[in-house]
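Colleague: Before I rely on any of the labels, I would like to hear the reasoning behind them. Could you take me through it?

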Amino acid sequence: MHPQGSPTQALDASQGRTPWFPLALIVSLFFLWGVANNLNDVLVTQFKKAFTLSDFQAALVQSAFYLGYFVVALPAGIYMRRFGYKSAVVFGLALYGLGALLFWPAAASATYGVFLAALFVIASGLAFLETSANPYVTLLGPASSAAARLNLAQAFNPLGSITGVLIGQHFIFTGVEHSTAELAAMDAATHAAFVKSEAAAVQLPYLVIGISVIAWGILILLTRFPRAAAAASDGGTARHGVLRDLLRDGRFLGAVAAQFFYVGAQVAVFSYMIRYAQSTMPGTADKVAANFVTAGLVCFMIGRFAGAGLMKYVKPARVLAVFALINVLLSVFAAFVPGKSGMYALVASSLFMSVMYPTIFALGVEGRSDDERKFGASLLVMSIIGGAVLTAAMGAASDYAGIAHAMLVPAVCFVAIFLFARQHWSRIGVEATA
């Protein structure tokens with residue numbers, strides 16, 4: 001085993017002779033998990049149609065997915081410390097590929113529960129990828145620019161997200177849509193054939209994804225990584241009290257809570273963007289409605305690049321606070337002005353959501369030791385469970401009050417993010433006068 005590497009050692013390893021190909025492989029992970037994350041937005045609509053689900057039941061797609069993050073993130077952090085970054089990445093890609101391949105038997109049986117289990121396996125793999133890639137990026141340069149650097153790396157994530165939506169739009173959505181009355185009028189055999197046909201639409205796309213991800217994992221396995229990136233641990237036990245110290249740190253817990261609310265808001269908005277378009281603009285086909293998701297992801301990608309540049313001049317916490325406040329207003333507007341205007345507000349909110357995840361993550365691990373950074377990364381990834389909890393809550397709100405008013409759920413989330421950012425903003429002011 002290689003000796004434990006400190007953050008400084010990790011920096012030295014990358015600054016001496018830049019390992020461009022290995023770094024490109026790691027950056028590609030941001031793209032790959034973007035594909036998986038936003039294909040879920042398509043699956044929510046596809047499974048709602050295929051299995052005749054309520055909004056709450058359809059939201060279980062996201063619940064199963066983000067539950068995987070919650071359950072596996074901490075074990076992923078322990079695994080990473082024991083075996084190193086590269087091993088964690090390869091293991092994560094193996095799980096991701098396996099979960100994607102499980103879509104084939106799930107579609108063959110046309111069973112919603114099997115699909116949810118496959119999504120859980122995919123998410124378990126992504127928990128390994130995110131737990132290892134995010135903290136590593138924060139080490140590749142000066143601590144003062146960690147948030148901007150992570151925003152830049154994460155800018156490749158929306159490229160994957162756009163790809164995921166386009167895959168769903170053109171290769172999963174069949175264009176066959178029936179009203180509730182038409183479905184009720186079908187005999188059992190016809191309805192079963194419809195369900196099986198709609199479920200089968202996911203088989204080929206996920207087969208290709210599964211094979212591609214496994215092949216990428218083999219490529220990484222065969223690639224020589226610099227020592228600091230390949231193995232950052234001697235396999236020893238964690239320093240006593242690291243988790244205890246983190247859980248007693250109010251500033252860190254604030255970051256965990258903010259990440260919980262952010263992921264919940266992002267997943268809820270994107271998951272129900274198609275539903276919002278079809279409900280508030282009657283007659284909008286699912287393929288047409290998916291264009292709004294694509295537009296939102298383009299805004300998301302632009303925001304990532306723009307945010308990384310903006311943070312060279314403005315403190316990350318201040319950018320986060322302003323963007324959160326803008327999104328409070330946009331979400332409330334979408335809730336009370338449904339239709340095309342509200343839809344445009346949701347698309348615009350993507351621009352301002354873009355910087356939130358990496359900025360909260362960077363603020364959470366800022367100034368911490370190597371052990372704290374690794375276990376802190378695990379806890380921050382665990383907070384992604386917000387995507388499961390708050391998307392389901394939004395589905396229940398939609399069933400009760402309508403999809404437009406359900407947009408108040410992300411509005412509340414953005415208020416929580418603003419409060420977190422404002423706290424850091426205040427701390428910056430105190431430090432500046434100290």
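Modeller: Gladly, bearing in mind that this is a predicted model. D245 is a good place to begin, since its relative accessibility is 30%.

Colleague: Why is D245 called partly exposed?

Modeller: Buried means under 20% and exposed means over 50%, so D245, at 30%, lies in between and counts as partly exposed. R244, at 39%, is partly exposed because its value also lies between those limits.

Colleague: What makes R244 and D245 a salt bridge?

Modeller: The cut-off is 4 Å between a side-chain nitrogen of Lys or Arg and a carboxyl oxygen of Asp or Glu, and the closest N and O atoms of R244 and D245 are 3.6 Å apart, so the pair qualifies.

Colleague: How many salt bridges does the structure hold?

Modeller: The structure holds two, and D55 with R275 is one of them, the closest N and O atoms being 2.8 Å apart. This pair links distant parts of the chain, with D55 in helix α3 and R275 in helix α16, 220 residues apart.

Colleague: How do you know whether D55 and R275 are buried or partly exposed?

Modeller: D55 has a relative accessible area of 2%, which is under 20%, so D55 is buried; R275, at 26%, falls between 20% and 50% and is therefore partly exposed.

Colleague: What makes V332 eligible for the nonpolar surface patch?

Modeller: A patch residue needs over 30% relative accessible area, and V332, a partly exposed residue of helix α18, has 31%, so V332 passes that cut-off. The patch, of about 390 Å², also includes F333, F336, V337 and L408, and helix α18 gives the most to it, with three residues.

Definitions and conventions:
Residues are numbered from 1 along each chain as its sequence is written. This is a predicted model: local features need pLDDT of at least 70, side-chain atom pairs count only at pLDDT 80 or more; totals for chains, interfaces and linings use all residues. Side-chain values use heavy atoms; hydrogens and water are left out. Patches are made of residues with over 30% relative accessible area and no salt bridge: like charges are joined within 9 Å, nonpolar side chains (Val, Leu, Ile, Met, Phe, Trp, Tyr) within 5 Å. Accessible areas come from the Shrake-Rupley method with a 1.4 Å probe; for residues, only the protein chains shown count as cover. Helices (H or I, at least four residues) and strands (E, at least two) are DSSP runs, numbered from the N terminus. Buried means under 20% relative accessible area, exposed over 50%, partly exposed in between (1.4 Å probe, protein chains only).
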